[in-house]
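User: I have this model open next to the sequence and would like to talk through a few of its features. Could you take me through them?

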Amino acid sequence: MNICIVVGARPNFMKVAPIVRAIGKAKAAGESIGSTLVYAGRADDPTLEGSLFDDLQLARPDVCLGVDCENLNELTGQVMTKFEAYLHSNPADVVIVVDDLASTMAAAIVTKKQGIRLAHLVAGTRSFDIHMPKEINRLVIDGLSDLLFTAGISNNSITNREGAEQSRVYMVGNILIDNLRFYRGLWRRPEIVDQLGLEDGHYVVFTLNRKALMADKDNLRNMMRAMVGAAGNVPIVAPLRERAAEAVREAVGPDTGSLHIVEPLGYLEFGWLTAHAEGIVTDSGNVAEEATFNGIPCITLNSYTEHIETVKVGSNVLVGEDSVRLAETMTDMLAGNWKSCSLPERWDGRTAERIVQILNSSKELGVRSKGEKE
C-alpha cells in the first residue's frame, strides 16, 4: 500500500512525523506499505529550518510543490494544479491530509477527483464560525473524506451530527502526544535560559501566530500591556517569528518590562522551554495541547478551541481577546490559583500506530473511495 502524506505548513510536520515512523516500523515488520511526503510550499521555505527535520528525526519532503502566495484562492488553485500533476505521475492508494489549511482542502479535492481514498487528520474540529476560511476548509475536507481520524469524543460527535457514517470515523487520539512521549527524553535546554538567567518554573512563555490578533493593533497593545503588567517581575520569554515580533514590539513600546522577545527556537528547545515554565500564554491550539500534556497552566488568547478537551480536563483556560480577563487570569496563574488537570482519553502515544492499523484494515476490507467505481 502506497500512502501519500500531504503537508501544508510547518506545524503539520509535527503531526505527520509519528505516522512516518509508524509506517517505517510496519514496513520493517514485513508489511507491504510505504509512504511519500509531499509539501505544498517551497523547498527553501525559511520556516523549515534544517534543525526541524533533525529534531523530528524526519526526512525532508520527497516532493515540494513550490506554491508560495498570500491569496488563499490563488493558493488553492495552484496546489490543485500541481498536486493533480503529481498524482498522475505518482499513483497512491490513499492520501492523508492534515488539519484545515487552504492547501489541505485543495489536496483533498484533487484526491477525490482522482478516485483515491482520502483520510483526514485531524477531523471533526470546528469553531462553528462560518466566516472563518478555515471553518469552510474543515467542512469540505471532512465531507469528502473516506476515513476521518479524530482526536476525541467531542470531534466524533461533531462528525456524526454532520452526517458522517460511523464506520468512517475513528477516534485515534491526539497525534501530537505521540511526539511528546517520543521526544520527551530528548528535550534540549536552550541557551537563552542561561542568557536571561531564568529559573525552572519561574518564567512564562508567550507565543503569537494569529494574523487577526496581530492586525487589531489597538487591542493587541491593550493585551500586551495587560500581560506585562500582570507578570510584574516574572520574566516572559517570547520566541517569535519576524511578523509577530514586530507586532509585539510596536504594541509594547520601548519599555518592555519583563518581556523578552527572542529568536524562534528549534522543536526540541521549545519543548524544553514550555515543559519547564510556570505558565504559558498563547494563541496556538498545539501549544495548549502540549501544556495540558505537561500539566503547565495555559492561557489561550481565543474565545474557542477546536480541542475542547484541553479546557474540559486539561490545563487550558480561554480568555478570548479581552485584556481585562487576560490580566485577571494571569494573576491567578502566577499566584498558583489554577485548576487541577488530567490527560484526555487516548493521549497515550499510540495514535499513529492506530492510524496505520486502520489504513491496513480498510484496504483488506475493501473500503472504497466515494469517488471510486465498483
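**Salt bridges, sheet, pocket and cysteines**

Analyst: Gladly, and I will start with one side chain: Arg42 counts as partly exposed because its relative accessibility is 29%. Please keep in mind that this is a predicted model.

User: And which residue does Arg42 meet in a salt bridge?

Analyst: The partner is Asp44, with N to O at 2.7 Å. Asp44 has a relative accessibility of 53%, so this residue counts as exposed.

User: How many salt bridges are there in the structure?

Analyst: The structure holds 20 salt bridges. Another of them is formed by Glu306 and Arg138, whose closest N and O atoms are 2.3 Å apart. That pair links distant parts of the chain, since Glu306 lies in the loop between strand S12 (298–300) and helix H14 (309–312) while Arg138 belongs to helix H5 (residues 133–144), 168 residues apart.

User: Are Glu306 and Arg138 buried or exposed?

Analyst: Both Glu306 and Arg138 are buried.

User: What about Arg210, which residue does its side chain meet in a salt bridge?

Analyst: Arg210 meets the side chain of Glu321, at 2.6 Å from N to O. Here too the pair links distant parts of the chain, 111 residues apart: Arg210 is in the loop between strand S8 (204–206) and helix H9 (211–215), and Glu321 is in the loop between strand S13 (316–318) and helix H15 (323–335). With 31% relative accessibility, Glu321 counts as partly exposed.

User: Which residues do salt bridges with shared partners join into one network?

Analyst: Asp100, Glu135, Arg138 and Glu306 are joined in that way, and the network therefore includes the buried pair we discussed, Glu306 and Arg138.

User: Switching to the sheet, in what order do the seven strands come?

Analyst: The order is S3-S2-S1-S4-S5-S6-S7, in an open sheet with parallel pairing. At the edges stand strand S3 (63–64) and strand S7 (169–171), and because each has a single partner strand, one side of each is left without a neighbour in the sheet.

User: How many bridges hold S1 and S4 as a pair?

Analyst: Strand S1 (residues 2–7) and strand S4 (residues 94–98) pair in the parallel sense over four bridges. As one example, Ile3 has Val94 in S4 as its bridge partner.

User: Now pockets. What volume does the second largest pocket have?

Analyst: Its volume is about 340 Å³. The lining of this second largest pocket has 16 residues, of which Arg21, Ala22, Lys25, Ala352 and Glu353 are the closest to the centre.

User: Which helices supply at least two residues of that lining?

Analyst: Helix H1 (10–28), helix H7 (175–183) and helix H16 (351–364) each do so. By residue type, the lining of the second largest pocket divides into seven nonpolar, three polar and six charged residues.

User: Last topic, the cysteines: how many disulfides does a search of the whole structure find?

Analyst: The search finds zero disulfides. Cys4, for instance, is in no disulfide, and the nearest cysteine sulfur, that of Cys64, is 12 Å away. Cys4 counts as buried, because its relative accessibility is 1%.

User: Why is Cys341 not bonded to the closest cysteine?

Analyst: The closest cysteine sulfur is in Cys298, and it lies 11 Å from the sulfur of Cys341, which is too far for a bond; the cut-off for a disulfide is a pair of sulfur atoms within 2.5 Å. Cys341 counts as partly exposed, because its relative accessibility is 32%.

Technical notes
Residues numbered from 1 in each chain as written. Predicted model: local features only at pLDDT ≥ 70, side-chain atom pairs only at ≥ 80, totals over all residues. Heavy atoms only, no water. Buried < 20%, exposed > 50% of the residue type's maximum accessible area, 1.4 Å probe, protein only. 1 Å grid on protein atoms, 1.4 Å probe; cavity = no way out; pocket = protein on both sides within 12 Å on 5 of 7 lines; lining within 4 Å. Points joined across faces, edges and corners; volume = space filled by probe spheres on them. Nonpolar A, V, L, I, M, F, W, Y, C, P; charged D, E, K, R; others polar. Pairing = 2+ DSSP bridges. Salt bridge = Lys/Arg side-chain N within 4 Å of Asp/Glu carboxyl O.
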